[in-house]
Structures are given as structure tokens and as C-alpha cells.
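Welcome, and thanks for taking a look at this one with us. Below is a short briefing on a pair of helix packings and a ligand site.

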Amino acid sequence: RSSIEQTGARREGILDIFGNIVEKCPLITGAIWSKIPFQVYLAVEECVSEFIDSLSSSGKEGILRCHPDLCGRDLTRGTLTEESQNEQSQAGLTSLNPMEREILNHLNLQYKEKFGFTFVICAKMSDKNKITQELNSRLQNDPCQELQNGIDQVKKICHLRIQDIFFHGKIPTKL
Ligand SMILES: NC(=O)NC1=NC(=O)NC1=O
């Protein structure tokens, strides 16, 4: 039996391994762990998706608000989670020049003022230029459209984080 199976069998290890598949939302992992055999990779993803879809709008907004800004305070302070640090640096957000950073911070602020939650995009499937373009265009959307767009991106981030755990045996640090 794989280490994940053995850990899963002990239950309490589940949060250590899967607790951050949705950024800073271990509740989601806690809520679904009784439902699925964690050995089945796709089952985890499916249950996360169903759980998120079942939430009220404020619940969904809450998930987005738990995400750190792209190239925001957490990145500059080095307080990003391991997963976020990895994702944001892969998108090139750790090497922005002052002007690029200024533009991104300004757009993030505008987005937050308009929608009341963080702009979320799956950084690993993007890069610093695409992110700025996306942010600019998504700023024009209406709130319920953006809520869904953000949640769709959360699911993409979750997909990649689960993949990392299963296929690269990455057991992220404790929350
Ligand atoms: N606001 C964000 O989109 N944050 C993030 N996207 C990622 O892919 N990782 C993050 O930390």
C-alpha cells in the first residue's frame, strides 16, 4: 500500500497531505474526507468540485478571499504557502520589475474594490503578461460572472496541487 494509502488510513494524516489543495481552506478537505477513498486521485478532485459548487455565493467568495494576491504582500514578505510560492514564481511573478509590480498591484486593488474578493487565476497555467491581460479583461465582467471565473480557476489550481501530491509525491509542509 502506498504511503498515501497508509497515511490516509490513519485519517489524521489526510489534512497534512491534502489540507492545502484549496489555498488555506482545509475545511474543504475536512468536509469531504469521510466520503472518498483518497487513494483515488480523480475522486478527490470530483468531491472538492462538488463541495465547492454546493456552497452559497458568500461561501465561494470566501474561498477566493482566502487566496493571496498575485505578487502581493505575502509574496514580498515571503509568507506565501509553499504551494503558492511555487505557483507564483513559476508564472514569473517573483521577477517583476517595479513598474510591472505597480501595474499588477493597482489592477488587483481595482478588482478587489469592484468585486470584493481576490482576483484568482491558475498561475501555473499562465505567465506574468497573460495574467495582467486576464486581469484587465476580467475587470470588465459582472460580479456573478467573476465569482464563477474565480472558482473555475481555484479548481484548476486544486487539480495541479492534487497532481503534485499523487504523482510527484510532494507532501507539502503542514498548514
Ligand atoms: N490570487 C491568485 O490567483 N493566487 C494564486 N494563484 C495561484 O495559482 N497560486 C496563487 O497563490
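For the packing angles that follow, an angle over 145 degrees counts as roughly antiparallel and one under 35 degrees as roughly parallel. Please keep in mind that this is a predicted model. With that in hand, here is the tour, beginning with helices α4 and α10.

**Helices α4 and α10**

- Helix α4 spans residues 41–53 and helix α10 spans residues 143–167; the two pack at an angle of about 155°, with their axes 10 Å apart.
- Since angles over 145 degrees count as roughly antiparallel, α4 and α10 are therefore roughly antiparallel to each other.
- The crossing of α4 past α10 is right-handed.
- On the α4 side, the contact is made by Y41, V44, E45, V48, S49, I52 and D53.
- On the α10 side, the contributors are I151, V154, K155, C158, H159, I162, Q163, F166 and F167.
- By character, the residues of this contact of α4 with α10 comprise 10 nonpolar, 3 polar and 3 charged.

**A closer look at K155**

- K155 sits in helix α10.
- Its side chain is joined to that of S49 by a polar contact of 3.1 Å.
- Leaving aside neighbours within four places in sequence, K155 is in contact with S49, I52 and D53, and these three residues are listed on the α4 side of the helix contact.

**Helices α8 and α9**

- The axes of helix α8 (residues 98–115) and helix α9 (residues 128–138) come within 10 Å and cross at roughly 30°.
- That angle makes α8 roughly parallel to α9.
- Here the crossing is left-handed.
- From α8, the contact involves E100, I103, L104, L107, N108, Y111 and F115, while α9 supplies K128, I131, T132, L135, N136 and R138.
- The residues of the contact of α8 with α9 divide into 7 nonpolar, 3 polar and 3 charged.

**The ligand site**

- Which residues are around the ligand? They are P68, L70, S84, E87, Q88, T118, F119, V120, I121, C122, A123 and I157.
- P68 has a backbone N or O atom 2.9 Å from a nitrogen atom of the ligand.
- E87 takes part through its side chain, with an N or O atom 2.8 Å from a nitrogen atom of the ligand.
- For A123, a backbone N or O atom lies 2.9 Å from an oxygen atom of the ligand.

Methods:
Residues numbered from 1 in each chain as written. Predicted model: local features only at pLDDT ≥ 70, side-chain atom pairs only at ≥ 80, totals over all residues. Heavy atoms only, no water. Axes fitted to C-alpha atoms, helices over the stretch in contact; angles between N-to-C directions. Helix = DSSP H or I, 4+ residues; strand = E, 2+ residues; numbered from the N terminus. Parallel < 35°, antiparallel > 145°, perpendicular 65-115°, else oblique. Left-handed = near helix turned anticlockwise from the far one by under 90°. Contact = heavy atoms within 4.5 Å. Nonpolar A, V, L, I, M, F, W, Y, C, P; charged D, E, K, R; others polar. Near = heavy atom within 4 Å. Polar contact = N/O pair within 3.5 Å; in protein donor to acceptor, adjacent residues only side chain to side chain.
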